[in-house]
Amino acid sequence: FLTFTVKNWYYIFDRKNRFQILSDSIQYCQKKKGLKVFCYVFMLNHLHLIATSPDMIGFVRDFKCHVSREIQKNIIATESTVLKLFSIGNGKYEFWEKTNMPQIVETLLFLEQKINYIHENPVKKQYVDMPSHWVWSSANPKSAIPLDEFDL
């Protein structure tokens with residue numbers, strides 16, 4: 001179970017096709033890096049993911065790095081003044097908080113709790129009335145990200 005959080009919890013994914021950048025990046029990792037996704041939700045300033053990979057540390061590093069580059073390009077092209085919010089000086093930018101709050105899924109109860117937490121996130125924020133209505137979630141039957149079966 002991972003949580004990726006945008007620096008300072010800034011709302012950045014809700015516009016300019018940025019949810020699609022996340023989706024495309026996850027799908028690429030599924031096809032090319034052996035990532036298996038069991039559950040996810042993309043929120044305006046963070047995402048939750050229950051996933052596994054042959055190289056989970058490598059996945060996290062590469063995913064965050066790639067998405068950062070793509071988000072930076074998107075911001076420059078669409079709303080360049082926003083870029084300064086992520087500046088760390090010397091022409092460098094940081095989009096992600098340092099921690100991913102990783103937790104290993106070891107029990108069925110923990111898995112069920114996290115799945116419910118993930119799927120209820122958009123409902124708790126009052127973005128939608130039902131988890132299945134949030135487009136950027138594994139709760140949505142039309143999810144663009146293929147899901148894997150979980151074996152405990």
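**Strand β3 and the cysteines**

Student: What makes strand β3 largely enclosed by the rest of the structure?

Tutor: In this predicted model, 6 of the 7 residues of strand β3 (residues 46-52) are buried, so the strand is largely enclosed by the rest of the structure.

Student: How do you know that β1 and β3 pair, and how do they run?

Tutor: Pairing requires at least two bridges between the strands, and 4 bridges join strand β1 (residues 2-5) to β3, with the two running antiparallel. One of the residues involved is Phe4, whose bridge partner in β3 is Leu47.

Student: What joins β2 to β3?

Tutor: Strand β2 (residues 36-42) is joined to β3 by 6 bridges in an antiparallel arrangement, and a hairpin of 3 residues connects β2 to β3. Within this pairing, Cys39 stands opposite Ile50 in β3.

Student: Why is Cys39 called buried?

Tutor: The term applies under 20% relative accessible area, and Cys39 has 1% relative accessibility, so Cys39 counts as buried.

Student: Why is Cys29 called buried?

Tutor: Set against the cut-off of under 20%, the relative accessible area of Cys29 is 5%, and therefore Cys29 is buried.

Student: Why is there no bond between the sulfurs of Cys29 and Cys65?

Tutor: A disulfide needs two cysteine sulfur atoms within 2.5 Å, whereas the sulfur of Cys29 is 11 Å from the closest cysteine sulfur, that of Cys65, which is too far for a bond. Cys39 is in no disulfide either, with the nearest cysteine sulfur, in Cys29, 17 Å away. By this rule the count of disulfides comes to 0.

Technical notes:
Residues numbered from 1 in each chain as written. Predicted model: local features only at pLDDT ≥ 70, side-chain atom pairs only at ≥ 80, totals over all residues. Heavy atoms only, no water. Buried < 20%, exposed > 50% of the residue type's maximum accessible area, 1.4 Å probe, protein only.
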